[in-house]
Amino acid sequence: MTERRPEKPVLTVIEGKYANQHWVINEDETIIGRDDVCTIVIPERQISRQHIRIVRTESVYQVEDLESRNGTWVNGQKLTGKRDLYDGDEIHIALAVRILFIGSGATAPLPFELPDHIGGRLRIDREARRVFIGDEELDPPLSLPQYRLIELFYNRNGHICTRDEVVEAVWPDVMGEGVSEQAIDALIRRLRDRLAEHDPDNQYIITVRGHGFRLINPMD
């Protein structure tokens, strides 16, 4: 069953005291910050008065950091200047509030249903790069490529990750040299094996033929 997209993009907070709060983007320009004049007001001291701007262009939405004091991250990467926003992108404002961007009906529909909420048996502590299944931490820790891969899947929260996105996230320094499909498949297999050691009853990483991979994160 193909999920139905909202007619306009939605921003939804995915953890913390503002969790599940969401806003529909109705304007061509949306300002997020703690100042009352902002389109979306988030009253957190770490957030600048006018922190980020989301604008609609002819083809996509773009996010821009407004020279904020504590910065903005998109999918774990520091935001400098403008960048396009895609369905499932995670915006981390001042490391205080995490917001999921859910694309509009103009986005190509995905061959699965968007989860109702973020979360599940698998959890990640991004600050410490620790991975948990239930209350049990993966020990020994994942290798750096394995961690980068699971973090990519976790951030996308059930959305398909293409092979190109895997290469960009796991091997950012060798994009120009290329990474073979065999290397990607081998990394996927090793990560599946590590997760199965802790939870053999669930398959967390699913291959979507012709598209890429996605994470299924079952609830406890």
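Arg-98 has contacts (heavy atoms within 4.5 Å) with Thr-12, Val-13, Ile-14, Glu-15, Glu-90, Ile-91, His-92 and Arg-126, leaving aside its neighbours within four places in sequence. The residue sits in strand β11, residues 97-102. Helices (H or I, at least four residues) and strands (E, at least two) are DSSP runs, numbered from the N terminus. Arg-98 counts as buried because its relative accessibility is 4%. Buried means under 20% relative accessible area, exposed over 50%, and partly exposed in between, with a 1.4 Å probe and protein chains only. The side chains of Arg-98 and Glu-90 are joined by a polar contact of 2.8 Å. Such a contact is a pair of N or O atoms within 3.5 Å; within protein, one must be able to donate a hydrogen and the other to accept it, and residues adjacent in sequence count only if both atoms are side-chain atoms.

This is a predicted model: local features need pLDDT of at least 70, side-chain atom pairs count only at pLDDT 80 or more, and totals for chains, interfaces and linings use all residues. Residues are numbered from 1 along each chain as its sequence is written, and side-chain values use heavy atoms, with hydrogens and water left out.

**Overall make-up**

The protein has three helices and 16 strands. Of its 220 residues, 45% count as buried. Among contacts between residues at least 6 apart in sequence, 46% join residues at least 24 apart.

**Cores**

A nonpolar core is a set of buried Ala, Val, Leu, Ile, Met, Phe, Trp, Tyr and Cys residues joined through side-chain atoms within 4.5 Å. The largest one has 25 residues, and Leu-122, Ile-150, Phe-153 and Leu-195 have the most contacts inside it. At least two residues of this core come from each of β12 (122-125), β13 (130-133), α1 (144-156), α2 (163-170), α3 and β16 (212-215). The largest share, six residues, is from α1. Another core lies apart from this one; it has 22 residues, among them Leu-11, Ile-54, Val-63 and Ile-91.

What does Ile-150 touch, leaving aside its neighbours within four places in sequence? Its contacts are Leu-122, Ile-124, Val-131, Leu-142, Leu-191, Leu-195 and Leu-215.

In α2, the residues Val-166, Val-167 and Val-170 are buried. They are on the same side of α2 because they cover an arc of only 95 degrees around the axis. That arc is taken from the directions from the helix axis to the C-beta atoms. The cover over the buried residues of α2 includes α1, α3 and β16.

**Helix α3 and the cis bond**

Arg-194 is in helix α3, residues 181-198. With 12% relative accessibility, Arg-194 counts as buried. Beyond its neighbours within four places in sequence, Arg-194 is in contact with Leu-138, Asp-139, Pro-140, Pro-141, Leu-142 and Gln-146.

His-198 is also found in α3. It is buried, at a relative accessible area of 16%. With neighbours within four places again left aside, His-198 is in contact with Ile-133, Glu-136, Glu-137, Leu-138 and Asp-139. His-198 and Ile-133 are 65 residues apart in sequence but 7.0 Å apart in space, C-alpha to C-alpha.

A cis peptide bond joins Asp-139 and Pro-140, with omega about 5 degrees. Pro-140 lies in the loop between β14 (136-137) and α1.

**Positive phi**

Two residues other than glycine are listed here with their positive phi values.

| Residue | Phi | Loop | Relative accessible area |
|---|---|---|---|
| Glu-67 | near 55 degrees | between β6 (61-65) and β7 | 79%, exposed |
| Asn-75 | near 55 degrees | between β7 and β8 (77-78) | 25%, partly exposed |

**The largest pocket**

Asn-75 turns up again here. The largest pocket is lined by 28 residues, and Asn-75, Gly-76, Gln-77, Glu-151 and Asn-155 lie nearest its centre. Its volume is about 930 Å³. At least two lining residues come from each of β7 (72-74), β10 (90-93), β12, α1 and α2. Helix α1 gives the most, with six residues.

On a 1 Å grid over the protein atoms alone, a pocket is an open set of points where a 1.4 Å probe fits, with protein on both sides within 12 Å along at least five of seven lines; lining residues have an atom within 4 Å of a point. Grid points are joined across faces, edges and corners, and the volume is the space filled by probe spheres set on the points.
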